[in-house]
Amino acid sequence: MRFPLMARTLQTRGRPSSRAGQTLFANTTCPYYLRIGECTSETIVIEIASAESRISDPFFRHGVERVDAKNPAKPQKTADTDGPFTQTDMRVASDWLTCFTVGIRVSCRKPFSLRRLQKMQLFQLPRPTSAIVVLTIAIMLVGCNKTSTTRTTPQRPVRQMNNAIAMGDWAKAMTFVDAAVADQPDSALVLTNAAQVVHQNKQPQRAAELLSKACRVQNFSDPARVHQAVIAMIEVGEFYESISFLEEVVQAQPDQYQSRRLLYDFHAGTDNRLAALRHGKRLIRQRRFDVDLLSSISNTQQRTMDTDPLNEMTSRNPDDKRPLLGSARRDFDEDKYDAAIDTLQEIAKAHPNFLPAQALLARSLAVSDQFDKLQQWAKSQPEAIQDYPDYWLAIGDWARFKKQKRSMARAYWEATRIDPDLTESWQKLGTALRDISNVGASENTIAAIDQRVKLLSRFNQQKKRFERSGSISRQVANEIAKTLDELGRRWEAEAWASVALTLPEDDSVDVEATRKSIVAKLRSDTPWQSTQQAPEFALDLTALSVPAFDNDSPGANILSDSAASDAIAAMPRDGTEDTDLDQFEFQDEAKQRGIAFHGRTSDDLDKPGIMLYQTLGCGGATVDFDRDGWDDLYLVAAGGKPKGMNSDANALMRNLLGQFTDVGELSQADDRGFGQGAAVGDINADGFPDLLVLNYGLNSLFINNGDGTFSRAPNSPTEDKTAWTTSAAIADIDGDAIADCVVTQYCAGLDPITKTCGDEFIRSCSPMAFPALADVFWQGNVDGGLTDRTEQWNAVPDVLGRGLGVVIGSFDELPGLDVIIANDMTNNHYWNQPNKEKSFELVDSAMIRGLGGDDRGSAQGSMGIATGDFDRDGDVDFYITNFFKEYNIYHEQQGPGSWRDMTGSLQLVDPTVELVGFGSEAADLDNDGDLELVVANGHVDMFSRGDEKSVYEHPMQIFSSDKGKTFRPAKLVGDYLQKPHVGRALWTIDANRDGQTDFAVTHQTEPVALLVNQGEPTNHWIGMSLVGRNCDRDAIGATLEIIAGENSWTQQVTAGSGYMCSNEKTLRVGLETYEGDCAVEVRWPDGTKQRFANLKPDSVWLLIQNDEAAFEMH
């Protein structure tokens, strides 16, 4: 006879009451089952069922519904519960025992996490309460022992064990465990009860084994028992055993989605992306997804999950080092490559065949340019290592290092085949294909690769913005769905569109139309990645050879011990400590030279709670506005409110023989907008430099009248009073010999002024919390006016940036100017004109050229740009400053228009990763012929993240160079350089006209500094100032080769100087001890070439296009 499941809810206060007041149904036939569970302190759910009901035994059921104490009759439906509620659905986690039952106390449903599992106790049994005793006695009276006949046969061990359990006598119950299990080895219930007993007797390992066996007996049909077994394994640190167990589960029960989701989470949490993808794809296809799954399945750039739970697994099971992979990946993502390598070697030594760690070890060795160690590692790897994209990326980087271009392309291509979602693989493949020919890659295919890189970059940045803005933006979720549709990832696209429909309403976003369009392309057999009309997937590079390490093919030998890891660890790191550091001395002479100016965005920048619009600081420029040969200074101020004209006045500091006087008001250039940066250029080609002031609000263009005064131009390059502009550069972009202008812009609207973030205290929001504002490209007119040509020139990027720094020059050795823009938290932009045959049009190719971010293509919080030929190979390299926990990146030009992140190989990662870099410049500080790097650092606020205390003031840095082959932190002398500062803009000036480079630096919490070079003038130098005739008068893009005896240097005239500033216009080259005459060969922006000879050192020369001789200025 079957009895329906009965559920009764008793309202109590505090502990469960003994006044049940309910008649419990029973049967004369054993067994009956009782469940008692608790979801709140005021509610107990009691359920009784017969054995024939075959209801499972979930101790900690994941996904149970909430039972509200105030309205227990209406449980709340959970996200993973399908269909209407029934009495069976009202089950909560509980203990099922034969006839005699003790309740289990559980908590209501919470989102699953590994941290939650690791904290769960497997069997959590409170002391029996009066209500439990009453209910137990009731079952005894009306259930198993209803008849008065006394049994005379011996009790079976199962019953003896259960009776001892009911009485709470765990020691006695333990004496029956072996016999009970032997008596009923195929009973899941007996095995589970036995597991409970051994767990109570401090044998968690055996409990895990019994629970696993119980699951196998049932062929894993009970998800709750499966989860219980997983918890048991985790309790004893058998985390990877639990992963193998779950793989067994989903193999036997493919539609057990809770277990599959748990398995997916474990794989994703341990950075086994390829294994996670198998299960994540199935969950999404079967519509068993949520936002967390969608975000994690596409996370290819940086680990976002906490590593502490994984580390706890290692502490529970010290012999298993595999969970440390999470910490290694975190260190790898934070550019702590040596720490990552140490951890990975520890894992590899204990688990040599754990290939996810081996692949990441290869990757870490490659990105830190430890190729000798990589070669040693590769000789001992199994062939299966080739199933990991990290492996192919690593040996692709090795081939790049060895200049094996065809093998490099093959390796990167292999990586795209394994995981086509990796931006880095496609980016490096596209770059490699540009340098080789006859491999079957058409221009159409390369263009398709470029487009895929852009789409992947767009998707990653959209997803980052979605997450940073609270994961609630319907608009951004809809944009993500559209981008995924373009990528051919339509199952993900439909899922994101579905998620968007559940987010807060936004009438401006038609999600229904987006989803309808995607669904129309979906069929049951639609592949995860559509390759139709995607020529990049048709590319076949199997004809190219695989990179070979000294003729020893990777994968030739099977790794059988830890010898390779030991050998790698024993090898020395490239480079040695050198205590003989270059020394530079600068003194802040601002006050003694008449400069007393503090351009600040607020009066309270020394206190926590700084708003985003106050974090960028103010900039300035060097400008010889009166053409007397002495560098003057233009300094920008703020302090009022954006959009208004109520800030402190800007200052124009006239340089009179090394002493400065503020003539801002007299010259009528004292703008009062909320100032950010300044740019200098001859807009109207009259021979006098003009000033463009960048504001949060309307910008101001001041035209130099040539008499010491300026006139405000009627049409300044801003039409939006709410526009937040930061930097600008003035140059002839379209080649018509008339100066144009590029203006970088940050966040859109005025919300950054009022919106705050932070739970414990107010602080600035992330820039990603606000929409980006497009940069503007202005075309110069013959009458001196400016016209917005952004759209006509196609200067609208695939992903809008938040521009902070800009430089214009001729960087790729092709005719025409190029524009590089440093963006905050979005990929950088590099604009050029690829097709000279068509009408003027720009293309952003930063990603494919290696300038979009770091070597992995990840966007950084980029700000300053230093430009120069650091390695003296005749082309332009870049140094871009970045945010905290992001190293400043040295981009070395490897070939015309192709750059590589060489920061790691030059040992420049560690010195900058803990600092926030803003302004940066390249200059030869001691005139020894090599460029130094100078960086102004300072944090954006005083808030802290977690346990890390934020340090607001950071030290300035100078890195000396040996022809770009090495960079070393220099020894700094002088009061200013010995102290930390909250630095912002940094630009060059020769304040005392001694032929040595000085600097102006702005700060948040102190006045502007004028750092005068105190070095002894033992070396010689030569300076040059150019004037164009057949090109823009400022000759932006002109390239100079300076020849001094057997040595030569390459310099270029550029516009914009990085972060919110403009450098001095004189180009200066250190000649070391050379005293003879120099020659300068100029390639003008229009392509013509000219040679100027017999130029003596230690002078500044004026070079005018088409003039036969140079003019010595001073």
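These exercises work through selected residues, strands and one helix of a predicted model.

The model is predicted: local features need pLDDT of at least 70, side-chain atom pairs count only at pLDDT 80 or more, and totals for chains, interfaces and linings use all residues. Residues are numbered from 1 along each chain as its sequence is written, and side-chain values use heavy atoms, with hydrogens and water left out.

**Exercise 1. Place Asp871 and list what it touches.**

Step 1. Find the element. Asp871 sits in the loop between strand 22 (865–868) and strand 23 (877–880). Helices (H or I, at least four residues) and strands (E, at least two) are DSSP runs, numbered from the N terminus.

Step 2. Check burial. Buried means under 20% relative accessible area, exposed over 50%, and partly exposed in between (1.4 Å probe, protein chains only). Asp871 has 15% relative accessibility, so Asp871 counts as buried.

Step 3. List contacts (heavy atoms within 4.5 Å). Leaving out residues up to four places away in sequence, Asp871 touches Asp877, Tyr890, Glu892, Lys963 and Gly964.

Step 4. Compare sequence with space. Asp871 and Lys963 are 92 residues apart in sequence, yet 4.8 Å apart in space, C-alpha to C-alpha.

**Exercise 2. Asp369 has a positive phi; is Asp369 buried or exposed? Treat Gln907 in the same way.**

Step 1. Recall the background. Most residues other than glycine have a negative phi.

Step 2. Take Asp369. Its phi is positive, about 60°, although Asp369 is not a glycine. Asp369 lies in the loop between helix 16 (355–367) and helix 17 (371–378). Its relative accessible area is 11%, so Asp369 is buried.

Step 3. Take Gln907. This residue is not a glycine, but has a positive phi of about 60°. Gln907 is in the loop between strand 25 (898–901) and strand 26 (917–923). At 38% relative accessibility, Gln907 counts as partly exposed.

**Exercise 3. Trace the pairing on either side of strand 40.**

Step 1. Apply the rule. Two strands pair if DSSP finds at least two bridges between them.

Step 2. Start with strand 35 (residues 1039–1044). Five bridges join strand 35 to strand 40 (residues 1078–1083), and the two run antiparallel. Val1080 in strand 40 is the bridge partner of Ile1042.

Step 3. Move on to strand 41 (residues 1089–1095). Five bridges join strand 40 to strand 41, again antiparallel. Here Val1080 stands opposite Phe1092.

Step 4. Inspect the hairpin. Five residues lie between strand 40 and strand 41, and Gly1087 takes a positive phi near 100° in this hairpin.

**Exercise 4. In what order do the strands of the open four-stranded sheet run?**

Step 1. Read the order. The open sheet runs 14-15-16-17, with antiparallel pairing.

Step 2. Name the edges. Strand 14 (725–731) and strand 17 (786–788) are the edge strands, each pairing on one side only.

Step 3. Add the twist. From one strand to the next, the twist averages 25°.

Step 4. Look inside the sheet. Three bridges join strand 15 (residues 740–745) to strand 16 (residues 776–780). Cys741 stands opposite Trp778 in strand 16.

**Exercise 5. Which residues of helix 24 are buried?**

Step 1. List them. In helix 24 (residues 511–519), Val511, Thr514 and Ile518 are buried.

Step 2. Locate them. These residues cover an arc of only 65° around the axis, so they lie on the same side of helix 24. The arc is that of the directions from the helix axis to the C-beta atoms.

Step 3. Turn the helix over. Glu512 and Lys516 are exposed on the other side of helix 24.

Step 4. Find the cover. What covers the buried residues of helix 24 includes helix 22 (474–487) and helix 23 (490–502).

Technical notes
Axes are lines fitted to C-alpha atoms, for helices over the stretch in contact, and angles run from 0 to 180 degrees between N-to-C directions.
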